[in-house]
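Visitor: I'd love a close look at one part of this model, taken slowly. Could you pick a strand, show me how it is covered, and then follow its surroundings outward?

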Amino acid sequence: MDTPLATPLAATLPRCCIAGGGPAGMVLGLLLARAGVPVVVLEKHTDFLRDFRGDTVHPSTLEILHELGLLDDFLQRPHDRIEELRATFEGQSFPVADFSHLPSHCRFLVLMPQWEFLDFMCDEARRYPGFELWTDAEAIGLLQDKGRVTGVKVRRGRHSGQLQDIELHAALVVAADGRHSTLRDAAALPHISYGAPIDVLWMRLPKVPGDPEATGGHIAGGHLLVTLNRGDYWQCAFVIPKGGHATLQGRGMAAFHNEIARIAPFLTGRLLTALPDWDAVKLLEVTVDRLESWSCPGLLCIGDAAHAMSPVGGVGINLAVQDAVAAANLLSLPLAGNATGKQIDNLLPQLQRRREWPVRVTQAVQRMVQDRVLMPVLDGKLSGAAGHVPWPLRLLSRWPLLRRLPARAVGLGVRPEHVQSPRA
């Protein structure tokens, strides 16, 4: 169970402390606890209920759940299955990706609110005695001794107003606290930033009878809108040029409603009520970067803390989960045993060598899509006025076999991981 605020630090210190209760942190926490490793996961909020977080669970992640024997239970949670991705160009629908031929137990994507995913992982992790989740517990700094990270400074009770600072020591600290990682910055780990030419506006729009069912992208009039079917509402992503948020706001809410209605006419009747002002629209500033080194003595970074991804392809959750599986495969036995700090430190670079190539390839593809597809759309170079349908859509529509390629790239990714960590 969660450690109450007033409870003193447990007598048995964790072997691993994971900062960040997102997909990477929760999956790693589950796998380490399953292997018999005492582990504490720190979640700075009081729960997982935050909207507009990545919620696309790919077949690569579903395969991991199958290997853990958890897939059937996981699919009991509220979700939508996507067997095909489609794009609408100037009102005409085109097939883009067909997942039905993937060499996987699940030949579909799952759209599930991220809090459902995290709650499920947490419930499973709590079955093991070595697992603890601390909520309202934020990692605010690192503890170090003789050049090695030995733990984290934790601030608890920020949301309850009962502040308490704790020093939590561990043989290994894992930073899984996102693209704005406090621990990554505290360790002064240098990173390579590629920038991004786009930002994304997230919003909710209700579903009504007669709406289409398919999740997909809509291109029209120099705009791109992605609509994700979430059962009783649409989670929508409106792509804008980098830094274009203020300009869009300056045109007014009515102009924004008109642009959405131009792209996806079926949404027209509900915009005034669902989006009364800009408070209903959340800005995601897109960043693509990667650490030069994912670790230093006593500290390992995974997920967005090691490599911030573009939203292109919805791969962020799934790459983070792959990092967690690879880390558990590498570190479970040493952490469950009596490995010294030096022995653990010697293993950490192996995780980067294992995972960096898939990240590099994925980020390169994302940057290519941003530069060669999304920006031409936003610049109005891919529009009906140009007189023709873009050639990739024509090819994918004409040759069904080609739809397996984007399905494989999105659904399984580059060198997917498999569970090798033991169960104690």
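Guide: Happy to. Let's start with strand 2, which is covered on both faces: Val39, Val41 and Glu43 lie on one side, Val40 and Leu42 on the other, and all of them are buried. Keep in mind as we go that this is a predicted model. The alternation you see there follows a general pattern: in a regular strand the side chains alternate between the two faces of the sheet. Five of the five residues of strand 2 are buried, so the strand is largely enclosed by the rest of the structure.

What does strand 2 pair with? Strand 1 and strand 2 run parallel and are joined by four bridges. To find the pairing on screen, look for Cys16, which stands opposite Val39 in strand 2. As a reminder, strands of a sheet pair through backbone hydrogen bonds, either parallel or antiparallel.

Now widen the view to the sheet. It is an open sheet of six strands in the order 8-2-1-12-21-20, with mixed pairing. Strand 8 (131-135) and strand 20 (295-296) are at its edges with a single partner strand each, so one side of each has no neighbour in the sheet. At the strand 20 end, two bridges connect strand 20 with strand 21 (residues 299-301), and these two run antiparallel. There, Cys296 has Leu299 of strand 21 as its bridge partner.

What lies across strand 2? Helix 1 (residues 23-34) does, and it also lies across strand 1 (16-19), strand 8 and strand 12 (172-175). Helix 1 runs at about 165° to strand 2 (39-43).

For a second sheet to set beside this one, turn to strands 9, 10 and 11. These three strands form an open sheet in the order 9-10-11, with antiparallel pairing. Strand 9 (137-145) and strand 11 (164-169) are the edge strands, each pairing on one side only. On average, neighbouring strands in this sheet are turned by 25° against each other, direction ignored. Strand 9 and strand 10 (residues 148-156) run antiparallel and share eight bridges. A handy landmark here is Leu142, which stands opposite Val152 in strand 10.

Next come two helices that cross. The axes of helix 2 (residues 59-67) and helix 9 (residues 316-336) come within 9 Å and cross at roughly 35°. The crossing of helix 2 past helix 9 is left-handed. Ser60, Thr61 and Ile64 of helix 2 make the contact, together with Asn318, Val321, Gln322 and Val325 of helix 9. By class, the residues of this contact are three nonpolar, four polar and no charged.

Gln322 deserves a pause. Gln322 sits in helix 9 and has a relative accessible area of 4%; it counts as buried because that is under 20%. Beyond its neighbours within four places in sequence, Gln322 is in contact with Ser60, Thr61, Ile64, Arg355, Arg415, Pro416 and Glu417. For a sense of distance, Gln322 and Val361 are 39 residues apart in sequence, with their C-alpha atoms 14 Å apart in space.

Arg415, one of the contacts of Gln322, is worth following. Arg415 belongs to the segment after helix 12 (404-411). The phi of Arg415 is positive, about 50°, although this residue is not a glycine. With 32% relative accessibility, Arg415 counts as partly exposed.

Where else does a positive phi turn up outside glycine? Ala188 has one, with phi near 55°. Ala188 is found in the loop between helix 5 (182-186) and strand 13 (191-193). Its relative accessibility is 60%, and Ala188 counts as exposed.

Let me finish with a buried histidine. His218 is in strand 15 (residues 216-220), and its relative accessible area is 9%, so His218 is buried. The side chain of His218 makes a polar contact with the side chain of Thr227, at 2.9 Å. Setting aside neighbours within four places in sequence, the contacts of His218 are Thr88, His223, Leu224, Leu225, Thr227, Ile263, Ala264 and Phe266.

Key:
Residues numbered from 1 in each chain as written. Predicted model: local features only at pLDDT ≥ 70, side-chain atom pairs only at ≥ 80, totals over all residues. Heavy atoms only, no water. Pairing = 2+ DSSP bridges. Contact = heavy atoms within 4.5 Å. Axes fitted to C-alpha atoms, helices over the stretch in contact; angles between N-to-C directions. Left-handed = near helix turned anticlockwise from the far one by under 90°. Nonpolar A, V, L, I, M, F, W, Y, C, P; charged D, E, K, R; others polar. Buried < 20%, exposed > 50% of the residue type's maximum accessible area, 1.4 Å probe, protein only. Polar contact = N/O pair within 3.5 Å; in protein donor to acceptor, adjacent residues only side chain to side chain.
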